[in-house]
Amino acid sequence: MIHTVKIDDKTPTGKRLINELRKHHKIVEFENPAETGVVPEGYMTSEEFRIESRKDLDELCRKHGLL
């Protein structure tokens, strides 16, 4: 059975738990989008966000006669 767990790595306990889990690399797999580069479904990359927000800004400016 595979379990998905969220651990707050900003707390001392969270850091300790993560360090302990990393010792068991044969049975524990970390899926961190920042490390793997795999974007979760429904999320945008920073480049996609930049393109979409630019389109929205252009549309808004045209609507109000600024472009």
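**Group meeting: a charge over a ring, and a pocket**

Let's start with one contact. The charged end of R22 lies over the ring of F30, at 4.3 Å from the ring centre. Keep in mind that this is a predicted model.

Which aromatic pairs turn up in the whole structure? Zero. The search covered the whole structure, and the count of aromatic pairs came back empty. F30 does have that charge over its ring, from R22.

Now confidence. Mean pLDDT for the chain is 89. At least 70 is reached by 100% of the residues. Which element scores lowest? Helix α2, residues 33-36, with a mean of 74. At the other end is helix α1, residues 12-22, with the highest mean, 95.

On to the pocket. The largest one holds about 930 Å³ of space. Its lining counts 21 residues, and V5, K6, E29, F30 and E31 are the closest to the centre. So F30 appears again: it carries the charge of R22 over its ring, and it is among the residues closest to the pocket centre. 

Who builds the lining? Helices α1 and α2 each give at least two residues. The largest share is from α1, with five residues. By class, I have nine nonpolar, eight charged and four polar residues in that lining.

Last, helix α3. It runs over residues 46-63, 18 residues in total. How far does α3 reach from its first C-alpha to its last? 26 Å, close to the 26 Å expected at 1.5 Å a residue. After α3 comes G65, with a positive phi near 75 degrees.

That's the tour. Questions, please.

Methods. Residues are numbered from 1 along each chain as its sequence is written. This is a predicted model: local features need pLDDT of at least 70, side-chain atom pairs count only at pLDDT 80 or more; totals for chains, interfaces and linings use all residues. Side-chain values use heavy atoms; hydrogens and water are left out. pLDDT is the predictor's confidence in each residue, from 0 to 100. Helices (H or I, at least four residues) and strands (E, at least two) are DSSP runs, numbered from the N terminus. Rings of Phe, Tyr and Trp (its six-membered ring) pair if their centres lie within 6.5 Å; planes under 30 degrees apart count as stacked, over 60 as edge-to-face and the rest as tilted. A charge sits over a ring if NZ of Lys or CZ of Arg is within 6 Å of the ring centre and within 35 degrees of the ring normal. On a 1 Å grid over the protein atoms alone, a cavity is a set of points where a 1.4 Å probe fits but cannot get out, and a pocket is an open set with protein on both sides within 12 Å along at least five of seven lines; lining residues have an atom within 4 Å of a point. Grid points are joined across faces, edges and corners, and a volume is the space filled by probe spheres set on the points. Ala, Val, Leu, Ile, Met, Phe, Trp, Tyr, Cys and Pro count as nonpolar, Asp, Glu, Lys and Arg as charged, and the others, Gly among them, as polar. The expected span of a helix is 1.5 Å times one less than its number of residues.
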